[in-house]
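Hi,

Here is the structure I promised to pass on. Have a look at it first, and then read my notes below.

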Amino acid sequence: RLAAAARPAALPPPRTWPRAFADLATRFEQALTAARGEVRRVADLAGAWETVDGILDEVGAEAVVANAEPPLAGMDLQARWPERRCHIAGASGDDLRAACAAADVGLSGAVAALADTGTVVLASGPARSRLVTLLPPVHVALVPLSALTADLFTWTAARNPSLTADAAMPANVVLVSGPSKSADIEFTLTLGVHGPGRLVAILYDAN
């Protein structure tokens, strides 16, 4: 049966690089949506925060954790959501791991967004904890349009300086293409097995 089901030996043509897309935002939305992620497109940062408000209300979030990175750095989240418990990575004094494990939503920025695959690029660092984007069941990433690039090769070739102050690569870079997925058991796709079961990328114009 395996021999009869063998695929043709011809290999697909090599992928051209760099990729060219007429509209990076539209391509990013299509690719991330196909990967079971969600994209919300808004006009500006104010609209992005209103969208975050709506998501927190939608999921009934009682606890929120956030990375202290743009555009979250400097925001007084506890003042914005006094009815919720808010924890900022690198700024709050209590246990970050426990706060992330108990949180309903994790908020982050993004150092890049890859239109080709609908991928949000996250970097680790003192104010960029991997726990914030890994432990809560819902991950919301605020992504400026300026972070969009065609594909992984284009981004790495540009040596994006937004990663760190000196443009060096951090200890950890995570490429997130949709919510956590697994089909290990009977090839049945299950979301949220090894990380957030829901990823929402909010695209906004930072200008």
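**Helix α2 and what surrounds it**

The buried residues of α2 are Gly47, Ala48, Trp49, Thr51, Val52, Ile55 and Leu56. The elements that cover them include the strands β1 (38-44), β2 (63-66), β4 (105-108), β7 (138-144) and β12 (198-205), along with the helix α3 (77-80). Please keep in mind that this is a predicted model.

The length of the helix works out well. α2 runs over residues 45-59, and at 1.5 Å a residue its 15 residues should span 21 Å; the C-alpha atoms at its ends are 21 Å apart, so the two agree. Just after α2 comes glycine 60, with a positive phi of about 65 degrees.

**The nonpolar cores**

The largest nonpolar core has 21 residues, and the members that touch the most others are Val52, Leu77, Trp81, Leu107 and Val140. At least two residues of this core come from each of α2, β2, β3 (85-88), β4, β7 and β12. The largest share, five residues, is supplied by α2.

Valine 140 is a good place to start if you want to look around. Leaving aside residues up to four places away in sequence, valine 140 touches Val52 and Ile55, then Val105, Gly106, Leu107 and Ser108, and also Val200 and Ile202. There is also a second, separate core of 17 residues, with Ala110, Ala113, Leu122 and Leu199 among them.

**Arginine 40**

You may like this one too: arginine 40 sits in strand β1. Is it buried or exposed? Neither: its relative accessibility is 27%, and because buried means under 20% and exposed over 50%, arginine 40 counts as partly exposed.

Its contacts, again not counting residues up to four places away in sequence, are Thr51, Ile55 and Glu58, plus Arg198, Val200, Ala201, Ile202 and Leu203. One of these, alanine 201, is 161 residues from arginine 40 in sequence, yet their C-alpha atoms are 6.3 Å apart in space. The side chain of arginine 40 also makes a polar contact of 3.4 Å with the side chain of glutamate 38.

**Confidence**

Before you set anything up, here is how the confidence looks. The protein has a mean pLDDT of 87, with 87% of its residues at 70 or more. Among its elements, β4 has the highest mean pLDDT, 98, while strand β11 (residues 190-191) has the lowest, 63.

Happy to talk it over whenever it suits you.

Best wishes

Methods:
Residues are numbered from 1 along each chain as its sequence is written. This is a predicted model: local features need pLDDT of at least 70, side-chain atom pairs count only at pLDDT 80 or more; totals for chains, interfaces and linings use all residues. Side-chain values use heavy atoms; hydrogens and water are left out. Helices (H or I, at least four residues) and strands (E, at least two) are DSSP runs, numbered from the N terminus. The expected span of a helix is 1.5 Å times one less than its number of residues. Buried means under 20% relative accessible area, exposed over 50%, partly exposed in between (1.4 Å probe, protein chains only). Contact means heavy atoms within 4.5 Å. A nonpolar core is a set of buried Ala, Val, Leu, Ile, Met, Phe, Trp, Tyr and Cys residues joined through side-chain atoms within 4.5 Å. A polar contact is a pair of N or O atoms within 3.5 Å; within protein, one must be able to donate a hydrogen and the other to accept it, and residues adjacent in sequence count only if both atoms are side-chain atoms. pLDDT is the predictor's confidence in each residue, from 0 to 100.
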